[in-house]
Amino acid sequence: MPTRNSNGQKLWQRRTGRESLFHWVLWLIGIAIFAYCWQQISKSTTWFFVWDAPRIADDIWTRATPPKWGYITQLGKPIWDTLNIATLGTIFALILAVPVAFLAARNTTPSRFFIRPIALLIIVSTRSINSLIWALLLIAIIGPGVFAGVIAIAIRSIGFCAKLLYEAIEEIDETQVEAITATGASRWQVMAYGIVPQILPAFAGIAVFRWDINIRESTVLGLVGAGGIGLQLSSSLNVLAWPQVSLILLVILIAVVISEWVSAKVRGAII
Amino acid sequence: MSEAAFNVQTKMGKPWKKPPFVQRKWLRLILLVGIVAYLIAAYMTIDVNWSRVYQGLERGKKFVMAFTNPDFITRSTDIWEGMFESIIMTVASSVVGIAISIPIALGAARNVAPLSVYLICRGIIAISRALQEIIVAILLVAIFGFGPLAGFLTLSFATIGFLSKLLAEDIESMDRAQAEAIKASGARWMQWVNYGVQPQVMPRLIGLSIYRLDINFRESAILGLVGAGGIGATLNTAFDRYEYDTAAAILIIIIVIVMALEYLSGVVRARVQ
């Protein structure tokens with residue numbers, strides 16, 4: 001226990017001298033890095049606009065309220081598109097994620113040194129790129145529209161679903177698999193009766209969880225032209241129709257809250 | 001007893017069948033019909049222009065080929081500047097976001113804060129989680145003008161919702177006995193938090209912080225699309241000009257940095273836990 005002598009009395013200290021010096025240096029480096037970053041940000045900021053920000057915010061607020069309620073009649077189709085993008089995207093992603101997950105899990109992969117790294121690479125690369133970037137790319141390739149949105153959401157979700165799924169596969173109870181193998185089952189039968197029943201609850205949970213996230217992401221895909229309610233948002237922003245923007249934001253907020261509620265309910269029922 | 005025997009009689013000699021996922025027959029039927037009807041309806045509303053898709057395949061192939069031959073050189077100054085700005089935004093916003101979310105997390109833990117503070121902090125978390133980064137970024141760009149400041153504020157705001165919620169849950173599930181012991185020694189509130197609560201949640205806080213750093217970097221890559229600074233603007237321009245080799249180079253850099261961060265977070269989390 002580190003102690004310090006003061007007037008012949010031993011006082012308790014949390015760290016030894018060396019430890020506290022180390023901590024101090026670490027904090028110094030951290031603060032220096034932060035100060036440098038802040039300086040860079042500040043350098044590329046027009047501070048005049050920032051000081052003016054409260055007035056602008058107030059101005060936007062007065063323009064945006066009240067929302068243009070009549071505009072809601074035109075939002076039915078975009079919301080339906082958004083829902084479809086999220087749902088179909090999730091379904092496609094799950095179909096693609098299942099084989100990837102089986103190839104990536106240590107206990108089911110056919111080859112640990114060759115196929116597993118490839119599966120992991122697919123998982124990392126699809127996960128680390130945002131769905132908006134996938135959408136940008138797909139719009140350049142297959143043209144704007146809902147279809148590009150569906151594919152963008154699907155690709156983005158593969159990594160997420162496959163990662164959670166392969167972790168679930170790695171945590172299964174091996175004795176059940178052994179029992180099925182002992183009955184003389186083939187590789188596929190072992191998978192269908194030994195592994196799949198164990199990961200089914202996890203699978204359903206992942207599906208609903210990702211669906212909820214996808215609803216959020218698909219609401220903004222339209223900003224780059226991939227269909228859904230974001231398309232309306234971007235066109236309203238372009239003509240500075242703030243009452244429409246506020247209504248759209250409200251609708252998005254409600255959709256997000258509902259999807260989160262649904263997903264929490266379903267996951268609660270499964271687990 | 002008799003029923004079981006009856007069941008054995010009827011099941012005798014018949015092959016075993018897997019029990020269905022949904023037990024009730026009518027519910028199964030309704031679900032099946034509903035799903036099929038939805039899929040058909042959804043498919044009908046998505047009009048895919050297959051000839052356009054077919055034309056696009058050529059470009060798609062070009063893009064995939066670009067990954068084998070990425071061009072880091074031609075636009076190297078733009079890429080470097082964008083990346084630098086993204087990293088700066090990520091670091092600054094993570095620091096500020098974490099610093100703000102710690103007091104909010106304390107306030108949002110029911111065993112630390114009184115009810116009124118708890119409700120306010122939970123409200124802040126709910127707002128921050130419900131609003132999407134990109135939408136916040138649009139509004140902040142409109143208010144603060146173009147540049148990394150809007151991106152920095154967006155990411156800080158998003159960090160608060162994420163980190164405070166998870167940290168608050170961890171504080172709520174901490175061991176009461178340790179905190180009580182510190183309190184019994186006559187500690188002030190700050191000392192109680194510092195020696196009773198903090199050591200218990202520190203590993204999780206470090207793990208979450210690094211995870212959030214990773215997320216912030218990924219998000220900073222898209223904020224440029226709406227003018228909030230970072231690599232997104234460069235990427236967008238590269239796509240618009242069909243410069244797939246430059247776009248591929250940027251995507252590769254993003255993937256590599258994310259992989260490095262993920263590896264780092266794994267190492268750090270393994271060390272602190």
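**Notes on the salt bridges and a surface patch**

1. A:E260 is partly exposed, with 28% relative accessible area. This is a predicted model, and in it A:E260 forms a salt bridge with A:R216, with the closest N and O atoms 2.6 Å apart. A:E260 sits in helix α11 of chain A and A:R216 in helix α9 of chain A, so the pair ties together parts that are 44 residues apart in sequence. A:R216, for its part, is buried, at 13%.

2. Helix α9 shows up again with A:E217, whose side chain meets that of A:R156 in a salt bridge (3.5 Å, N to O). Here the partner helix is α7 (residues 146-170) of chain A, so this pair links parts 61 residues apart in sequence. Both A:R156 and A:E217 are buried.

3. For a pair within one helix, look at A:K77 and A:D81, which make a salt bridge at 3.2 Å, N to O. They are 4 residues apart in helix α4 (residues 76-104) of chain A, so about one helical turn separates them. A:K77 is partly exposed at 47%, while A:D81 is buried at 8%.

4. Chain B comes in too: A:R127, B:D214, B:R218 and B:E262 are linked in a network of salt bridges. Over all chains, the search finds 19 salt bridges.

5. Back on helix α11 (residues 242-270) of chain A, you'll find A:V262, partly exposed at 30%. A:V262 belongs to a nonpolar surface patch that also includes A:W69, A:L250 and A:W261, and the patch has about 730 Å² of accessible area together.

6. Lastly, strands β1 (residues 3-6) and β2 (residues 9-12) of chain A pair in the antiparallel sense over 4 bridges. A:R4 stands opposite A:L11 in β2(A), and A:N7 in this hairpin takes a positive phi near 55°.

Notes. Residues numbered from 1 in each chain as written. Chains lettered and ligands numbered in written order. Predicted model: local features only at pLDDT ≥ 70, side-chain atom pairs only at ≥ 80, totals over all residues. Heavy atoms only, no water. Patch = residues over 30% accessible without salt bridge, like charges linked within 9 Å, V, L, I, M, F, W, Y side chains within 5 Å. Areas by Shrake-Rupley, 256 points an atom, 1.4 Å probe, with all protein chains shown as cover. Salt bridge = Lys/Arg side-chain N within 4 Å of Asp/Glu carboxyl O. Helix = DSSP H or I, 4+ residues; strand = E, 2+ residues; numbered from the N terminus. Buried < 20%, exposed > 50% of the residue type's maximum accessible area, 1.4 Å probe, protein only. Pairing = 2+ DSSP bridges.
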